[in-house]
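Me: I should like to learn how to read the packing and the sheet arrangement of a protein model. Could you guide me through an example?

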Amino acid sequence: MAEVLVYVDHVDGAVRKPTLELLTLARRIGDPVAVALGAGAENTAAALAEHGAVKVLTADAPEFADYLVVPKVDALQAAYEAVSPAAVLVPSSAEGKEIAARLAVRIGSGIITDAVDLEAGDEGPVATQSAFAASFTTKSRVSKGTPVITVKPNSAAVEAAPAAGAVEALSVTFSALATGTKVTSRTPRESTGRPELTEAAIVVSGGRGVNGAENFSVIEALADSLGAAVGASRAAVDAGWYPHSNQVGQTGKSVSPQLYIANGISGAIQHRAGMQTSKTIVAVNKDAEAPIFDLVDYGVVGDLFQVVPQLTEEVTSRKG
Amino acid sequence: MSLRIVVCVKYVPDATGDRHFADDLTVDRDDVDGLLSELDEYAVEQALQIADEADDAEITVLTVGPEDAKDALRKALSMGADKAVHVEDDDLHGTDVIGTSLVLAKAVEKTGYDLVICGMASTDGTMGVLPALLAERLGVPQVTLLSEVSVEDGVVKGRRDGDTASEQLEASLPAVVSVTDQSGEARYPSFKGIMAAKKKPVESLDLGDLDLEADEVGLEGAWTAVDSAAQRPARTAGTIVKDEGEGGKQLAEFLASQKFI
């Protein structure tokens, strides 16, 4: 069976969930060969093997942390040349997409980004994508070279599929451009203890109607009662009420959870672009005419400061 | 020496319009009004600020697109860019991102540059990979997705706010930069700016001017193929209730019925 390269997104050896989802999709096309780079790369092997990686190629060097993107492209290219895979799959993070794009042009291949599903096809893997703020669904293929495809989080279920996962050292020669962009300092984002926004099963978001940074505690309380991630609309972020890293929408994160709860969010096209593919959508808004109500499975027209705390209390007591 | 800044911009269908695909599954650019991609306004703004700080700078705004794409160039010129380059050729119809990066790289090289500035993504294709592709093709550093950017003594510095960390980056010019919508509100063109833009030069280039062949670009030259595009079925109308004091409890009841609690 053909091999499929899977680029591993991990933090010091802890494999992030979208990579495990990628392994599920990769197994539809061939045998997954994982590529893990940087500090702790070898520690990824157990989790990757458990989810279907037949091999785990690892490399560590200071360049991966000290310089932007290009060292990782060099390594992925080395893996591509060593394996001659049927496809290269990369998680659709900002960095993942940049790595994938540079690899594609180097190896003379087309690229598809932000796939939400992937199937084997007669002419190579067929990727499903959402277009125009998720109002369209397209099916596309790479028609030249080895398909390079980036896949969004929550596009497939994580499945156990034990495989050998033999660790092999990947030999990487860095290109002249590898040290072009220096990372002079790095400040890790402080953990909130809540799930990662793009990976969460439930997202609770606040918008203009939250009306102040201090009021976001109402949104956070509901999120915590449900074990959810917290999101914010662009209006709330631009007002300085919540960090940009939590922004849902066209210029923030695109989420596709099982349940999305929009509070005080009108539902402008830019916001819908980031949440419209959520499975179940619920909204609380004072304005009965807000466009968000066109999307919802259940909506409450009312004051979020009345409705949301009552909901939080109800959730807590039902769970208790 | 003058700092040569090239800002790459895209003319896109208005996101608030009824966007759809044409019969050949390319983005329909006829039925919906086009405009300068909102995210590229941030790139123009940062170019203007960098030029203000430099002793001597010249901003060229560059686009690849049909005749109407001149509107996007005019908008950027009215914001304050100095001149424009428009790559326009019937054979470009249907070009994918790989092809677009090839055309832009050729046009940037022909124009001459120290710094290329792009927006974080287009609002129609939304891939966000063009700046990285352009850096790869030009063989210069990529300093992308910056929420802060500055240029001093031939070095570009900026802050990239990533998923897990915020990074300070720096690279020597020439380089390719992209900026996010967090980089600073874009200015509105002044009346004076709009009038001045009408007199600013717009150079037109075709594939021949860039030593490119028709089969390297366009729908036929694309390295990806779209097989189908279907409108998502409208979400079925949900239940809407007015809060009469029990709204939170009713919502909880719904979530319980869907097994979320």
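Me: Which residues of the largest nonpolar core touch the most other members?

Reply: In this predicted model, they are Val6(A), Val35(A), Leu89(A) and Val7(B), out of 136 residues in that core. Helix H3 (residues 97–111) of chain B supplies its largest share, eight residues. A second, separate core has 50 residues, among them Ile219(A), Leu222(A), Ala229(A) and Val315(A).

Me: With which residues is Val35(A) in contact, leaving aside its neighbours within four places in sequence?

Reply: Val35(A) is in contact with residues including Leu5(A), Val6(A), Tyr7(A), Val8(A), Leu57(A) and Leu170(A).

Me: How is a sheet to be read, and what is the strand order here?

Reply: Strands of a sheet pair through backbone hydrogen bonds, in parallel or antiparallel fashion. Here an open sheet of 10 strands follows the order S13(A)-S9(B)-S8(B)-S7(B)-S10(B)-S6(B)-S1(B)-S4(B)-S5(B)-S11(B), and its pairing is mixed. Strand S13 (182–188) of chain A and strand S11 (202–205) of chain B stand at the edges with a single partner strand each, so one side of each has no neighbour in the sheet. On average, neighbouring strands are turned by 30 degrees against each other, direction ignored.

Me: How many bridges join S7 and S8 of chain B?

Reply: Six bridges join these antiparallel strands, S7 (residues 142–152) and S8 (residues 155–161) of chain B. Val151(B) stands opposite Val156(B) in S8(B).

Me: Which strands does helix H2 of chain B touch?

Reply: Helix H2 (residues 70–79) of chain B packs on the sheet, touching S1, S4, S5 and S11 of chain B, and its direction makes about 160 degrees with that of S4(B). H3(B) lies across S1, S4, S5, S6 and S11 of chain B, at about 150 degrees to S4(B).

Key:
Residues numbered from 1 in each chain as written. Chains lettered and ligands numbered in written order. Predicted model: local features only at pLDDT ≥ 70, side-chain atom pairs only at ≥ 80, totals over all residues. Core = buried A, V, L, I, M, F, W, Y, C linked by C-beta atoms within 7 Å. Buried ≥ 20, exposed ≤ 12 C-beta atoms within 10 Å, placed from the backbone. Helix = DSSP H or I, 4+ residues; strand = E, 2+ residues; numbered from the N terminus. Contact = placed C-beta atoms within 7 Å. Pairing = 2+ DSSP bridges. Axes fitted to C-alpha atoms, helices over the stretch in contact; angles between N-to-C directions.
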